[in-house]
Amino acid sequence: MSRRTDYCGALRAEDAGRKVTVCGWVDRVREHGEHLSFVDVRDHTGVIQCVVDGTEDLRSEYVVAITGVCRLRPDGTANPNLDTGAVEIGECAVAVLSEAQPPPFSLSGRVEADEALRLRYRYLDLRRPQMQRNLRMRAAINAVIRRSMDAQGFVEVETPLLIASTPEGARDFVVPSRLQAGQFYALPQSPQLLKQLLMVGGMDRYYQIARCLRDEDLRADRQFEFTQLDAEATFVDADDVMAFISEAVLAATRAVRPDVEVGVIPRMTWQEAQDRFGTDKPDLRFGMELVELSEVFAQTEFRALQPPAVVKGMLVPGQGSMGRAQLDRLTDRAKVAGAAGLVWMRIGEGGAVDAPVAKFLSAGELGGLVDALGAGAGDLVLIVAGERRVANAALGALRLELGRPPVNEGGLRFLWVTEFPLFEGIDAAGGLIPAHHPFTMPHPDDLDRLESDPLSVRSQAYDLVLNGWELGSGSIRIHRPDVQERIFSLLGIESEQAKARFGFLLDAFAHGAPPHGGFAFGIDRIAALLAGEENIREVIAFPKTQSGVDLLTGAPSPLEPRQLKELGLQIPPKPAS
């Protein structure tokens with residue numbers, strides 16, 4: 001084999017006349033008479049056409065090295081759709097380095113294969129230009145993030161993968177210990193507690209592109225294994241954390257998506273996001289904002305819209321002709337989100353309202369509704385009444401269903417969501433549910449209501465959102481023992497219980513903990529969005545299916561009896577069917 005001199009996709013007109021050697025896979029063979037073939041050879045940079053004399057037996061996906069002379073294509077045969085379309089390689093000598101069976105699906109990108117088949121043959125799927133582009137874009141994102149964090153004074157520290165289980169949040173993946181029979185390690189859901197210990201240790205600014213694992217149900221933006229940029233810093237407030245994360249995220253975005261203009265990331269409080277968009281991760285690429293209509297119907301005689309119900313409305317532009325079957329489906333969707341029902345109205349010429357409920361409303365109410373929403377002829381109005389949280393959530397779900405553009409359209413709209421509630425609600429046993437984790441610092445203005453009105457207390461937590469996807473979360477942490485004791489008490493965690501779960505962290509805090517805060521965002525998620533993909537599996541080299549199976553290697557798989565014995569494990573027999 002001759003040594004490669006050039007990548008396939010790098011050859012240009014200025015290389016004409018030069019002897020070159022390219023290596024790669026046969027993408028396509030086009031026979032031209034009995035003794036001439038056009039062979040497209042592909043590597044990760046692109047495709048080059050090679051003109052091969054003789055009777056070479058070349059087939060798709062054969063691995064070859066081709067040596068010849070780069071030359072301009074004859075007049076009228078240039079291919080403007082290829083970066084290498086002005087040139088070809090002639091006078092070719094072909095060395096077949098490896099033969100190949102016919103692939104089970106097209107690798108050219110012209111045919112979309114079933115995903116299960118792609119994952120079963122992932123090593124072939126990775127040859128496709130789209131997968132090459134996605135994984136190389138992901139690598140570039142990681143590289144830029146590292147440079148940005150280094151430049152901002154952060155130190156990269158690796159934290160362990162085998163840790164103690166702290167039963168908070170999602171389920172742990174656990175690993176049995178061979179040396180300590182009956183004991184188990186947990187794989188980290190995040191380096192949260194460890195990075196806080198680094199702050200106690202005086203590292204000042206830490207970051208890590210960390211591998212994390214959570215045993216949770218999989219979907220488009222979740223895998224068992226995921227990668228995140230994890231960061232923590234001392235003597236900072238929320239503004240500081242959002243500033244250094246913004247700098248890293250925007251640097252990565254500009255590096256891999258120079259076609260998209262991004263500026264300063266705007267901010268919005270959690271309450272404003274809920275009231276305007278019905279969600280804490282709003283997609284800002286389109287309008288259709290929720291509008292408060294309670295004052296319009298303050299004196300209404302229509303019982304379904306009467307106080308104390310909060311009335312929220314949403315304008316769906318140009319959808320006034322929507323059929324009854326689809327409107328019924330939207331009503332069902334609103335009920336799934338918790339609403340008692342859905343009021344819909346079609347707007348006609350001159351503000352005329354066509355709706356089953358119109359006869360129950362006064363002319364002033366109908367006019368006020370049209371004015372409040374800015375509705376015009378041909379528009380559709382959707383209204384939900386009820387408790388504020390439910391009305392927002394129901395209309396927010398409908399907003400996404402009716403207006404959300406495809407992931408690769410509408411640009412990139414980042415948003416910081418701030419001032420999350422400290423507690424997201426009350427569980428079935430009457431206990432408070434933390435919105436993030438029990439180490440999140442309450443908002444200083446709300447500390448006096450911690451015991452008297454805990455559900456009104458804001459936290460110093462913040463999320464980063466991109467196009468309706470939550471990229472990540474962070475917060476200023478509790479470093480004061482008195483505040484931590486109050487939070488544990490509210491959560492029903494007794495001192496002995498706290499010691500058993502988090503003793504090593506609490507002990508460390510007793511030795512002088514600086515104020516600190518941090519953040520983590522998903523590399524998989526930002527890579528998918530910047531690549532214009534709907535699913536993070538498209539930016540992960542070897543992902544699991546939605547059922548958690550690795551179709552390539554067959555994982556999960558049973559252990560041999562010898563391995564089970566070494567680990568002191570027994571697998572119970574399957575129950576009789």
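Two residues are in contact here when heavy atoms of theirs lie within 4.5 Å. The legends below refer to a predicted model.

**Figure 1. Overview of the protein chain in the predicted model.** Of the contacts between residues at least 6 apart in sequence, 66% join residues at least 24 apart. The chain holds 13 helices and 22 strands. Along the principal axes, its C-alpha atoms fill a box of roughly 90 × 75 × 60 Å. The chain has 577 residues, and buried residues make up 47% of them. The exposed area is about 28300 Å², of which carbon and sulfur atoms supply 51%.

**Figure 2. Helix H3, residues 129–151.** The helix has 23 residues, and the distance from its first C-alpha to its last is 33 Å, close to the 33 Å expected at 1.5 Å a residue. Its buried residues are Met 131, Asn 134, Met 137, Arg 138, Ile 141, Asn 142, Val 144, Ile 145, Ser 148 and Met 149. Gly 153 follows H3 and has a positive phi, near 90°.

**Figure 3. Surroundings of Tyr 207 in strand E9.** The strand that carries Tyr 207 spans residues 205–213. Tyr 207 has a relative accessible area of 1% and is therefore buried, the cut-off for this class being under 20%. Neighbours within four places in sequence are left aside in the list of its contacts. Tyr 207 is in contact with Arg 146, Met 149 and Asp 150, among others. Of these, Met 149 is itself one of the buried residues of H3. The contacts of Tyr 207 also include Phe 154, Val 155, Glu 156 and Val 157, as well as Leu 229, Asp 230 and Ala 231. Tyr 207 and Ala 93 are 114 residues apart in sequence, and their C-alpha atoms are 51 Å apart in space.

**Figure 4. The second largest pocket, with a volume of about 570 Å³.** The lining consists of 25 residues, and those nearest the centre of the pocket are Arg 42, Asp 43, Gly 46, Val 47 and Pro 129. At least two lining residues come from each of strand E1 (19–31), strand E2 (36–43), strand E3 (46–53) and H3. E1 supplies the largest share of the lining, five residues. By class, the lining has six nonpolar, 10 polar and nine charged residues.

**Figure 5. The two cavities of 30 Å³ or more found in the whole structure.** The largest cavity contains about 40 Å³ of space. Its lining is formed by Leu 119, Arg 122, Phe 542, Pro 543, Asp 550, Leu 551 and Leu 552. Five of these lining residues are nonpolar, none is polar and two are charged. The second largest cavity has a volume of about 30 Å³. Leu 422, Phe 423, Pro 434, His 437, Pro 438, Phe 439, Thr 440 and Ile 487 line the second largest cavity. Its lining has six nonpolar and two polar residues, with no charged residues.

**Figure 6. Cis peptide bonds preceding Pro 308 and Pro 556.** The bond that joins Pro 307 and Pro 308 is cis, with omega about 10°. Pro 308 belongs to the loop between strand E12 (290–292) and strand E13 (310–316). The peptide bond from Ala 555 to Pro 556 is also cis, and omega is near -5°. Pro 556 is placed in the loop between helix H12 (523–531) and H13.

**Figure 7. Positive phi values at Glu 61 and Asp 204.** Glu 61 is a residue other than glycine, and its phi is near 75°. The loop between E3 and strand E4 (63–72) contains Glu 61. The relative accessibility of Glu 61 is 4%, so this residue counts as buried. Asp 204, likewise not a glycine, has a positive phi of about 70°. Asp 204 lies in the loop between helix H4 (192–200) and E9. Because its relative accessibility is 37%, Asp 204 counts as partly exposed.

**Figure 8. Lys 574 in the segment after helix H13.** Helix H13 covers residues 561–567. Lys 574 has a relative accessibility of 80% and so counts as exposed, a class that requires over 50%. Lys 574 and Asp 75 are 499 residues apart in sequence and 71 Å apart in space, C-alpha to C-alpha.

Methods
Residues numbered from 1 in each chain as written. Predicted model: local features only at pLDDT ≥ 70, side-chain atom pairs only at ≥ 80, totals over all residues. Heavy atoms only, no water. Helix = DSSP H or I, 4+ residues; strand = E, 2+ residues; numbered from the N terminus. Expected span 1.5 Å × (residues − 1). Buried < 20%, exposed > 50% of the residue type's maximum accessible area, 1.4 Å probe, protein only. 1 Å grid on protein atoms, 1.4 Å probe; cavity = no way out; pocket = protein on both sides within 12 Å on 5 of 7 lines; lining within 4 Å. Points joined across faces, edges and corners; volume = space filled by probe spheres on them. Nonpolar A, V, L, I, M, F, W, Y, C, P; charged D, E, K, R; others polar. Areas by Shrake-Rupley, 256 points an atom, 1.4 Å probe, with all protein chains shown as cover.
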